[in-house]
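I opened the file to see what could be looked up in it. These are my notes, kept short.

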Amino acid sequence: MGEPLLVATNVVKEFPIRAGLLKRTVGQVQAVSDVSLTIDRGETVGIVGESGCGKSTLGRVLMNLIPPTSGSITFEGREIGRLGEKQMRPIRQRIQIVFQDPYSSLNPRMNIGEIVGEPFLVHQGLKASQSRDKVEKILQTVGLSPEHTARYPHEFSGGQRQRIGIARALALDPSLIILDEPVSALDVSIQAGVVNLLKDLQKELGLSYLFIAHDLSVVRHICHQVGVMYLGKLVEIGPKEQIYTAPRHPYTAALLSAVPVPDPKRERARRRIVLKGDVPSPINPPSGCRFRTRCWKATEECITTEPKLTDQGGGHFFACHHPEDVVATPPPSTVSAS
């Protein structure tokens with residue numbers, strides 16, 4: 001295997017909290033804390049976790065839309081974490097993003113031809129008449145008709161609008177696309193079509209994806225590697241089959257236990273892990289293990305010592321002092337029948 005496409009090492013992103021007349025910094029929101037991951041060419045890495053855990057912030061930091069507080073981000077062999085907007089401009093063609101809401105991410109005043117053709121204008125100086133053939137070809141690639149170029153976003157369904165967003169991301173032939181919950185705002189009936197489109201495009205164009213989501217079934221369908229985030233930390237990452245069949249971190253086991261099983265008998269028979277309490281504040285996270293306040297296995301060691309990501313073998317890493325063997329089995333007080 002050749003050089004990885006993207007390597008993030010000990011990435012941190014903190015947002016200052018300002019107060020008072022002079023707007024002095026009185027604290028920090030620790031959105032992303034010491035995250036390291038690698039994305040290979042042609043690979044899809046999924047990031048899952050609860051809302052507010054830092055998934056979307058991580059995606060934006062990795063493409064330098066939001067500059068990291070510290071850490072290193074190397075893309076195609078070049079450090080990009082400290083580059084300014086002017087230096088990032090040529091690199092922007094190689095990293096694109098598809099946002100969660102396909103409607104709010106499209107300019108309602110522009111027709112589809114203008115939206116998909118805008119990257120050519122901004123980065124290559126091509127006018128609409130010069131990029132028309134390219135725009136029509138890209139629309140065909142994502143399953144839309146070239147006749148749609150004169151229409152506006154409100155004339156399309158949610159699934160079609162997300163295909164337009166994907167077409168815009170493909171315009172400049174990127175090597176990496178950040179997919180920020182690309183199907184969560186879509187009806188279940190059309191999610192599969194968009195996910196299958198992404199898989200086909202990856203196979204055809206050799207794309208790499210960072211797939212951010214909270215739907216674990218979708219992640220399992222499309223991703224090769226899966227990372228689990230909790231309160232800004234990456235608590236487990238590895239090949240998807242190891243994550244889904246042998247989770248080592250209790251939080252991963254709890255997430256997987258919440259995934260519905262399409263078999264009534266199995267669903268009734270299995271035991272579900274119910275976490276108590278709320279996610280702590282990222283302004284003042286717990287000492288030691290950040291998950292300890294909701295973990296049924298927490299000990300004094302979890303309070304005093306922060307666990308480090310440990311290699312389980314085969315590229316499977318987890319950060320836990322008391323890892324699970326296969327599936328977590330909490331005491332009866334934290335379990336309810338599904």
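The entries below go from confidence to sheets, then to single residues and cavities.

**Confidence.** I noted first that this is a predicted model. The pLDDT averages 90 over the protein, and 96% of the residues score at least 70. I then looked at residues 327-338, where the pLDDT is below 50. In the model this stretch still has 24 contacts beyond near neighbours in sequence.

**Open sheet.** I traced an open sheet of four strands in the order S2-S1-S4-S5, with antiparallel pairing. The edges are strand S2 (24-39) and strand S5 (78-79); each has a single partner strand, so one side of each is left without a neighbour in the sheet. I followed strand S1 (residues 6-19) along S2 and found 11 bridges in the antiparallel sense. Within that pair, Lys13 has Val32 in S2 as its bridge partner.

**Thr57.** I came to this residue from the same pair of strands. Thr57 sits in helix H1 (residues 55-62). Leaving aside neighbours within four places in sequence, I list Lys13, Phe15, Ala31 and Val32 as its contacts. Lys13 and Val32 are thus bridge partners and also both in contact with Thr57. Thr57 has a relative accessible area of 18%, under the 20% cut-off, so I put it down as buried.

**Two loops with positive phi.** Most residues other than glycine have a negative phi, so I wrote down the exceptions I looked at. Lys23 is not a glycine, yet has a positive phi of about 55°. Lys23 lies in the loop between S1 and S2 and counts as exposed, at 53% relative accessibility. Glu76 also has a positive phi, near 50°. I placed Glu76 in the loop between strand S4 (70-75) and S5; at 29% relative accessibility it counts as partly exposed.

**Strand S3.** Are the faces of S3 covered or open? I checked both faces and found them covered. Thr44, Gly46 and Val48 are buried on one side, and Val45 and Ile47 are buried on the other. That is five of the five residues in S3 (residues 44-48). In a regular strand the side chains alternate between the two faces of the sheet. For partners, I found strand S8 (residues 208-212), which runs parallel to S3 and is joined to it by four bridges. Strand S9 (residues 225-230) also pairs with S3 in the parallel sense, over four bridges. Gly46 has Phe211 in S8 as its bridge partner, while Val45 has Gln225 in S9.

**Ile222.** I found this residue in helix H7 (residues 216-222). Ile222 counts as buried, at 4% relative accessibility. What is Ile222 in contact with, leaving aside its neighbours within four places in sequence? I list Thr44, Val195, Leu198, Lys199 and Phe211. Thr44 belongs to S3, and Phe211 is the bridge partner of Gly46. I also took the C-alpha to C-alpha distance from Ile222 to Glu43: 9.8 Å in space, with their places 179 residues apart in sequence.

**Cavities.** I counted three cavities of 30 Å³ or more. The largest has a volume of about 70 Å³. Its lining is made of 13 residues, and those nearest its centre are Cys289, Cys295, Cys302, Cys320 and His321. By class I entered eight nonpolar, three polar and two charged residues for this lining.

Note on methods. Residues are numbered from 1 along each chain as its sequence is written. This is a predicted model: local features need pLDDT of at least 70, side-chain atom pairs count only at pLDDT 80 or more; totals for chains, interfaces and linings use all residues. Side-chain values use heavy atoms; hydrogens and water are left out. Two strands pair if DSSP finds at least two bridges between them. Buried means under 20% relative accessible area, exposed over 50%, partly exposed in between (1.4 Å probe, protein chains only). Contact means heavy atoms within 4.5 Å. On a 1 Å grid over the protein atoms alone, a cavity is a set of points where a 1.4 Å probe fits but cannot get out, and a pocket is an open set with protein on both sides within 12 Å along at least five of seven lines; lining residues have an atom within 4 Å of a point. Grid points are joined across faces, edges and corners, and a volume is the space filled by probe spheres set on the points. Ala, Val, Leu, Ile, Met, Phe, Trp, Tyr, Cys and Pro count as nonpolar, Asp, Glu, Lys and Arg as charged, and the others, Gly among them, as polar. pLDDT is the predictor's confidence in each residue, from 0 to 100.
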